[in-house]
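Q: I'd like to learn how to read a protein model like this one, feature by feature. Can we just start with the sheets and work outwards?

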Amino acid sequence: MATRRKRRAGRSHAGAGGRRRILFFRPLALRIALALAACFAGLLLHFDYQMQLYFRDSAHPRPALLYARAPKLSPLLGQSPEKVLSLLEYRGYRRAERIEGPGSYVLTGNRMDLYPNPAPGSAEASGPVRLAFQGGRLRAMHRHADGARLGSISLEPEAIGTLQLGPYEDRIALRLHQMPELLVRALLAMEDRNFERHIGVDVFAIARAFVNNLLHGQTTQGGSTITQQLVKNLFLSPERTLSRKVTEALMAITLELRHSKAEILEHYLNEIFLGQSGNRAVHGFALASEYYFARPLGRLGPHEIATLVGMIPAPSLYNPRRNPERALVRRNLVLSKLAEVGAIDDADAAALSRSPLTIAPHRSAGGSVFPAYVDYLHRQVRQYFPEDVLRAGGIRLYTTLDADIQQTAQQALSRALARLESDRGISPGVLQGAAVVVSVDSGDILALVGGRQGGFAGFNRAVDAQRPIGSLVKPLVYLAALERPGTFSLGSMIQDTPLTLETEAGRTWSPQNYDRDFRGPVMLLEALTRSYNVPAVRLGLEVGLDSVAETINRLGVRKEIPRYPSTLLGASVHSPLEIAQLYQSIANRGNRMPLRSISHINDPGGGVIARFPGRADRVIEPGPAYLIDFALRQVVRSGTASRASRHFPPSLGLAGKTGTTDDYRDSWFAGYSGNLVTVVWVGRDDNRPVGLTGAGGAMRVWMEIMQALPLAPSAHRRPAGVRFLELDPATGLLARDSCPERILIPVLAQSRTPRLAPCSGAGGAGRN
């Protein structure tokens, strides 16, 4: 009995100890569970904070979209069929057997039926037109609807990128309702069929992928949802570890709890990486559409949408430019999936599978297409809009850039510099240059080349390189004199004799001519045509340094001009863009048009919110403007730039001026036709001598650029109050029939008629 009581007591004691141990571990387990739950909740809150911060502050800014000027088709331009086809194909137009709507054309012999795309922001296209070619040139255009004859039509402007979001990526963000429905269906069919039903993680898809990969012995299928892919792209590294996959799943669930399916889908469509263009990443379907097809996303066909969707798993592997065969197989798989889910008919899928990829010619993506131009454009537009609007407002900037002229100028500069280095024994890559091309009439900046490397967004020499301009200043010195017709004319004589001046520092300065020779009295026209230095200094001192500086400022340079005698030979420093403004004023018959890079700005819906119309200011009276233009034509015809005249038809009436600085450090040329002013600078960034004159360096680049451009002859007609006199170049007096040489020059009515030259014999000649 006692033994049984002891046993019961022992069991009772043991049971009490066990209960005590259980009671002890319960609070510990609970504390651990609560701690783990708190850590888990904290982790989720951390993930949520990260994602909300991104979605609030930086999710898909809508940067300003940039467009080049719209190219025109016109019988007046006489474009060849090859040129028209090049313009159309570059913009992604489709050749068809019959007109299929905007963006298509039919070419039959010497006739083309064309349906232009609508301009950006426009809801409808203008309708089809018929183009007639004859003799290899466009001769007539008629509207299909009523047969009306058309003088010209504008193609849609080329999208040249955006104001950059960052150093390495770009995108064109769209709202979900702006995306094609077929794109969404193709995406879900290929990447996430259960998107509408899961909570960020699809357990069934993971299991299906696991079984499939196990059967194939390799990874052939993924189980990530669209939400997981978005999380990975935005917040996680690409490494494949268990911890990263767990983090990805938790963040995906958190994202689904906070945001709607529509928001997640919109962000994915704008975020997905779809290729690389140089050092710029192509993000989102909208930018990819422009990059691969040269058309907005809304105008892509089903097979083109399928091409983009097929690239998602491996954009490099399925890049349609680099790997067209793989891209074609992948595209056809997407088309079959679309037919499987009922998005398109089986017959349509089969027909589309037989079509080619229709990829547009290669183009850059983002704001680095023409970095020098975009750099200058950004500076200009920041005067009118704050940075947050430019980077997030989605506005559309229509620039004055002519993409063809820009590419021509860039390529010509690169080629010509390489040739100069080879010819002169200069180490490759040493020479640098810049070029600016502007419209004579409008002042539009058509091209702006900041260096020999076109795609490099570095130092913008066209805008920021401030270099001495040498003899480019001389036409301004002579203009200041010609605006005093009672004292000076192109026939006036100026002394080309030794000259010594004392500087403010007490030193002496003796300007020399290029050949270090002196010719005695020379006519003003000859002195400018031959670019003599000493006569230019004498003339500038006679009219006054203040008058010369005022003339330079009046024609468009907005900075203080130093009042030193050396300024008369181009010692003041200027950029190529400033020189382009000066010579535009001369080329435009004395009418200064402020150079502009933007024509107008639209809001995202297409409404105009700002226009930048050009306004001409008369800065040179018609008479003096005609005289200085005449003199600059003589520079090309028989002066320091006469080499250029051998490469262009005389009917163009080209005009220009060479410029060379001390020790041959800078080589300049500024010249113009009736429609284009082009300025070129060649030199070294370290400011060491290059051994090139203006004619031997910059003018060669200028010629290569201008020979590739459509040039119009000068239309500078003689204004009222200008008459022509036949003068003796040796004396500047009226030439007699017996004078051995005679030169016909224009003079203003206010100019005094010179007396007869003392040539042997009798008689004289004058001509009105």
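Q: Happy to. Which residue in strand 28 is the bridge partner of Asp666?

A: Gly683 is the bridge partner of Asp666 in strand 28. Strands (DSSP E runs of at least two residues) and helices (H or I runs of at least four) are numbered from the N terminus. Before we go on: this is a predicted model, where local features need pLDDT of at least 70, side-chain atom pairs count only at pLDDT 80 or more, and totals for chains, interfaces and linings use all residues. Residues are numbered from 1 along each chain as its sequence is written, and side-chain values use heavy atoms, with hydrogens and water left out.

Q: How many bridges pair strand 27 with strand 28?

A: In general, strands of a sheet pair through backbone hydrogen bonds, either parallel or antiparallel. Two strands count as paired if DSSP finds at least two bridges between them. Strand 27 and strand 28 have 7 bridges and pair in the antiparallel sense. The two strands form a hairpin, with 3 residues between them.

Q: And on the strand 26 side, what does the hairpin look like?

A: Strand 26 and strand 27 run antiparallel, joined by 6 bridges. One register mark is Thr658, whose bridge partner in strand 27 is Phe669. This hairpin has 5 residues between the strands, and Asp663 takes a positive phi near 60° in it.

Q: What is the strand order of the whole sheet?

A: The sheet is open, has 5 strands and reads 15-14-28-27-26, with antiparallel pairing. Its edge strands are strand 15 (445-449) and strand 26 (655-660), each of which pairs on one side only. On average, neighbouring strands of this sheet are turned by 5° against each other, direction ignored. Over at the strand 15 edge, strand 14 (residues 432-439) pairs with strand 15 in the antiparallel sense over 4 bridges. There, Val438 stands opposite Ile445 in strand 15.

Q: Which helix packs on this sheet?

A: Helix 14 (residues 403-424) does, touching strand 14, strand 15 and strand 28 (676-683). Touching here means contact, with heavy atoms within 4.5 Å. The direction of helix 14 makes about 30° with that of strand 15. For such angles, axes are lines fitted to C-alpha atoms, for helices over the stretch in contact, and the angles run from 0 to 180 degrees between N-to-C directions.

Q: Back to strand 27: why is it called largely enclosed?

A: Buried means under 20% relative accessible area, exposed over 50%, and partly exposed in between (1.4 Å probe, protein chains only). In strand 27 (residues 666-672), 7 of the 7 residues are buried, so the rest of the structure largely encloses it. In a regular strand the side chains alternate between the two faces of the sheet. Both faces of strand 27 are covered: one side has buried Asp666, Trp668, Ala670 and Tyr672, and the other has buried Ser667, Phe669 and Gly671.

Q: How many aromatic pairs are there?

A: Rings of Phe, Tyr and Trp (its six-membered ring) pair if their centres lie within 6.5 Å; planes under 30 degrees apart are stacked, over 60 edge-to-face, and the rest tilted. By this rule there are 5 aromatic pairs. Tyr67 and Tyr398 are stacked, because their ring centres are 5.0 Å apart and their planes at 15°. This pair links distant parts of the chain, 331 residues apart: Tyr67 is in strand 1 (residues 65-67) and Tyr398 in strand 13 (residues 396-399). Tyr67 and Tyr398 are both buried.

Q: What about Phe630 and Phe724?

A: That pair is edge-to-face, at 6.0 Å centre to centre with 70° between the planes. Phe630 sits in helix 21 (residues 622-638) and Phe724 in strand 29 (residues 722-728), so the pair ties together parts 94 residues apart in sequence. Both Phe630 and Phe724 are buried. Elsewhere, ring pairs link Phe648, Phe669 and Trp702 into a cluster.

Q: Last one: which cysteines form a disulfide?

A: A disulfide is a pair of cysteine sulfur atoms within 2.5 Å. Searching the whole structure turns up 1 disulfide. Cys739 and Cys759 form it, with sulfur atoms 2.0 Å apart. The torsion about their S-S bond is about 100°, so the disulfide is right-handed. Cys739 counts as buried at 4% relative accessibility, and Cys759 is buried with a relative accessible area of 14%.
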